[in-house]
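Welcome to my notebook. I went looking for open and closed spaces in this structure, and then for one place where helices pack.

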Amino acid sequence: MSEPLVLGIETSCDETAVGIVRGRNLLANVISSSVDTHARFGGVVPEIASRAHLEAIHNVIDQALRDADVSITDIDAFGVTAGPGLIGALLVGTSAASGMALALNKPLYGVNHLTAHLSVDTLNNKDSFDGAIGLLVSGGHSSILKIGDYITDVETLGTTMDDAAGEAFDKIARLLKLSFPGGPAIDKISKEGNASAINFPRGLSNNDDHRFDFSFSGLKTAVSRYLQQTPSHIVADVAASFQEAVADVLVSKSIDAAKSQGISTIIIAGGVAANSRLRELAQQRCDLAKINLRIPPLALCTDNGAMVASLTSLAVSGGHKPSAL
């Protein structure tokens, strides 16, 4: 089936999301976020997230079908994030997808959340794919992946040793008394600051044993100590300098990975891929290195159903076996 009609469900964290694609064409992408509910706690509360998914899932599915102007019976296959993610949250999505697949006698595909983030690059994109280095940066994950094929050939080159980039943004935003989630808040105030004001450490930058791995806990500690030792600090400068340190490490290691593997394309995806400085710095350095940079539109960087549907569509069109219920 070259252009399957696929419905994908994403419930790994705090977004209840459903996307519908036909082949590589995006027809609908509906997201219901519970982030405002979590904001007063300063982070995602798993039980609250699960209950929010239960409350939203049916309405989100219905809205996606309306947006795509298709019926549930038209769907050729169902995809759902099977992990990684919050267990209770994942159960809501997998139960919904399994129920529809079973009732309609349609194939079900449980997909990997990380690979799905990167595969969203294939949507509305007619270019042929001949391999890429994928930088996946989100609230819970920071990984460098070597992608030969999205379904059968994904190799992890590096991952986070402690905090993911998104977690670091949230924690530093809390120290700076900024809003949650921290990524957008730091990105916004950094535009008013001097990114070279403070030389914060670049974790694992000269560690051959962890060449493609990340560590942001030391950076977090350095920022915390700086704030304690500098009562008269300028928040915008701290935010901008911290953001620069994160972006520098993410981009440097990704380009190093691409060169070492002889790959000329880098795809950056995940919620942190929406960060304006990361996008800017990655483009500058990829241009210098003559590497093709691909970053999804802002609406497809954070968790969404379109990414699940896109990866499922690739599996269906490639003739891969569906998952067991």
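**Entry 1: the largest pocket**

Which element gives the most to the lining of the largest pocket? I looked it up, and α5 comes out on top, with six residues. Please keep in mind, as I did throughout, that this is a predicted model.

I then noted the volume of the largest pocket, which is about 1,000 Å³. Its lining is made of 37 residues, and D14, S138, G139, G140 and D170 are the closest to the centre.

Next I checked which elements supply at least two residues each to this lining, and I found β3 (25–33), α4 (113–119), α5 (165–175) and α6 (182–190). Sorting the lining by class gave me 17 polar, 12 nonpolar and eight charged residues.

**Entry 2: the second largest pocket**

How much space lies in the second largest pocket? I wrote down about 340 Å³. I listed 19 lining residues here, with R24, T122, S313, L314 and S317 nearest the centre.

Helix α10, residues 305–317, gives the most to this lining, and its share is four residues. By class, I have nine polar, five nonpolar and five charged residues around the second largest pocket.

**Entry 3: a closed space**

How many cavities of 30 Å³ or more are there? My count came to one. For the volume of the largest cavity I noted about 30 Å³.

Its lining is short enough to write out: V251, S254, I255, I266, I268, A282 and C286. Three elements turned up with two or more residues each, namely α8 (235–261), β9 (265–269) and α9 (276–289). Of these, α8 has the largest share, three residues.

I sorted this lining by class too, and found six nonpolar residues, one polar residue and no charged ones.

**Entry 4: α5 again, beside α7**

Having met α5 in the lining of the largest pocket, I went back to see how α5 packs with helix α7, residues 217–229. Their axes are 10 Å apart, at an angle of about 10 degrees.

Why do I call the pair roughly parallel? Angles under 35 degrees count as roughly parallel, so α5 and α7 earn that description.

I also looked up which residues meet. From α5 they are K171, I172 and L175, and from α7 they are K220, V223, S224 and L227. Sorted by class, this contact has four nonpolar, two charged and one polar.

Key. Residues are numbered from 1 along each chain as its sequence is written. This is a predicted model: local features need pLDDT of at least 70, side-chain atom pairs count only at pLDDT 80 or more; totals for chains, interfaces and linings use all residues. Side-chain values use heavy atoms; hydrogens and water are left out. On a 1 Å grid over the protein atoms alone, a cavity is a set of points where a 1.4 Å probe fits but cannot get out, and a pocket is an open set with protein on both sides within 12 Å along at least five of seven lines; lining residues have an atom within 4 Å of a point. Grid points are joined across faces, edges and corners, and a volume is the space filled by probe spheres set on the points. Ala, Val, Leu, Ile, Met, Phe, Trp, Tyr, Cys and Pro count as nonpolar, Asp, Glu, Lys and Arg as charged, and the others, Gly among them, as polar. Axes are lines fitted to C-alpha atoms, for helices over the stretch in contact, and angles run from 0 to 180 degrees between N-to-C directions. Angles under 35 degrees count as roughly parallel, over 145 as roughly antiparallel, 65 to 115 as roughly perpendicular and the rest as oblique. Contact means heavy atoms within 4.5 Å.
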